[in-house]
Structure formats: structure tokens, C-alpha cells
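Please look over the sequence and the structure below. The paragraphs that follow lead through them step by step.

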Amino acid sequence: MDIRAKIVTALSGVGAPAYWMKWAGDTNPPATYITFQTVNRPDLSADDALHEREHFVYLDVFSETDPYTVANAVRTAMEGAGFDEVEMRDVVSEQRDYHVAFTFSYLEV
């Protein structure tokens with residue numbers, strides 16, 4: 001499974017571009033954008049075989065204006081793609097005026 005592709009596909013309609021790890025451009029970043037990174041771990045093994053893998057997605061919404069419209073769209077899109085929200089928090093950011101951070105989990109069976 002390509003978890004990064006699944007995330008990008010899930011976020012394709014939220015109204016802000018999504019980038020793996022960091023904004024990837026050669027000019028100024030868009031007014032609102034999303035970055036994400038992942039961590040995964042084996043979750044269930046039996047009979048010497050891996051049967052489940054749990055993925056954690058650390059997703060950030062950076063914005064020059066109130067990010068909650070995009071944040072709510074992110075939540076809806078990720079849940080619609082089978083991700084479970086673990087937490088959402090406001091973050092002080094030096095990169096943009098506003099920053100909201102999510103943690104999602106996804107169980108690959």
C-alpha cells in the first residue's frame with residue numbers, strides 16, 4: 001500500500017494543495033497549504049506473517065487566514081477515506097499566520 005498516495009488522493013478536493021514533508025515549490029507558497037508525514041508500525045502478526053500495519057499521519061494546515069474551513073474539509077476528507085482522527089490542535093507558527101495540526105491513524109489489514 002502506498003499510504004502517501006492514499007493521503008494525497010483523500011485531500012485532493014479540500015481546496016488546498018498537499019505536500020509530503022514540506023512545501024515543495026520554487027516561489028512563495030500558496031496562501032493555504034497542507035503538509036504531512038507518516039509513521040507506521042506492525043500491528044498484528046500471526047503464524048510468522050504480518051496481518052495488520054497501523055499508519056499514523058501527522059498533517060499540518062498552514063494558512064494566512066483562519067484555517068478552520070480547510071481544517072474541517074481535511075477532517076471530512078480523511079474520515080471519508082477511512083482514516084480516524086486522533087487529535088487536532090492549534091499550533092503557534094513562524095511559517096504562516098495560522099497553523100492547525102492533526103494526527104490521524106489508518107489500519108491497513
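Which residue takes a positive phi just after α2? It is G82, with a phi of about 100°. This is a predicted model, in which local features need pLDDT of at least 70 and side-chain atom pairs count only at pLDDT 80 or more, while totals for chains, interfaces and linings use all residues. Residues are numbered from 1 along each chain as its sequence is written, and side-chain values use heavy atoms, leaving out hydrogens and water.

Helix α2 (helices are DSSP runs of H or I with at least four residues, strands runs of E with at least two, numbered from the N terminus) has 13 residues. Its buried residues (under 20% relative accessible area with a 1.4 Å probe, protein chains only; exposed means over 50%) are V70, A71, V74, A77 and M78. They lie on the same side of α2, because they cover an arc of only 130° around the axis (taken from the directions from the axis to the C-beta atoms). The face turned away from this buried side carries the exposed residues T69, T76 and G80.

In α1, the buried residues are I3, I7, A10 and L11. These fall within an arc of 90° seen down the axis of α1, so they line one face of the helix.

Both helices contribute to the largest nonpolar core (buried Ala, Val, Leu, Ile, Met, Phe, Trp, Tyr and Cys residues joined through side-chain atoms within 4.5 Å), which has 21 residues. At least two residues each come from α1, β2, β3, α2 and β5, and α2 gives the most, with five. I34, L59, V74 and M78 have the most contacts inside this core.

How values were computed: Expected span 1.5 Å × (residues − 1).
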